[in-house]
Amino acid sequence: GALTGTAALVGLLGVVLAVLGLGLVAGAFLGAGRGLVPAAVLVGLLTWGTLAMPFDEWPEGGFGDLSASPVTPAQLAPLYTRSAGDVDIDLSRLDLSGTGGPVATEIRLGAGDVTITVPADADLTLAGAVGAGSIRYGGEVREGVDARLDASDLGADGVAGGRPLEI
């Protein structure tokens, strides 16, 4: 079948590198072709960058910013996703009163920033991970490649009550 996505881009860059390489070899015999060196280096770096980035593991969901402010558990989506952009989920007015199971959501983002605001008295369980960058909750910060931060918090009131929030 036809190549698509990252494979097609790497294939195209490989062909361009091959043509530039042939030009450099021919230029070596003809005493010319030095002008191709910067282009070959640039295309080589682009090819390396394309191969190094795990684009096939990035979530789908389009590009651009995503904002949501659900106030009821029914309005809270089970998954918020973007390939690139900023995701801002404001749960500060989310009604967690009553009984029932946990209220859960998941956020997946390929590149960008995620900001989640939770109710001050929420009983929160957070399981956070980043491929590269930093993740913060309260005073805890994890940085680097494949950084993880898992936290449990009973909220400002310090008492378990209402429906727990899982992110």
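**Notebook: strand pairing**

I began with a single residue pair, and found that Thr81 stands opposite Arg108, the latter lying in strand E4. I keep in mind throughout that this is a predicted model.

From that pair I went on to the strands themselves: E2, which covers residues 79-90, and E4 pair in the parallel sense, and I noted 11 bridges between them.

Which strands make up the open sheet, and in what order? I read the order as E1-E2-E4, a sheet of 3 strands with parallel pairing. Strand E1 (66-68) and strand E4 (106-117) are the edge strands, since each of these pairs on one side only. For the twist I noted an average of 10° from one strand to the next.

I then turned to strand E5 (residues 124-137), which pairs with strand E6 (residues 140-153) in the antiparallel sense, over 13 bridges. As a residue pair in this ladder I wrote down Thr125, which stands opposite Ser152 in E6.

What lies between the two strands of this hairpin? I found 2 residues between E5 and E6, and in this hairpin Gly138 takes a positive phi near 60°.

Last, I looked up what else E5 pairs with, and found strand E7 (residues 165-166), which runs parallel to E5 and is joined to E5 by 2 bridges. For the residues concerned, I noted that Leu124 has Leu165, in E7, as its bridge partner. My entry for E5 therefore lists an antiparallel pairing with E6 and a parallel one with E7.

Conventions:
Residues numbered from 1 in each chain as written. Predicted model: local features only at pLDDT ≥ 70, side-chain atom pairs only at ≥ 80, totals over all residues. Heavy atoms only, no water. Pairing = 2+ DSSP bridges. Helix = DSSP H or I, 4+ residues; strand = E, 2+ residues; numbered from the N terminus. Axes fitted to C-alpha atoms, helices over the stretch in contact; angles between N-to-C directions.
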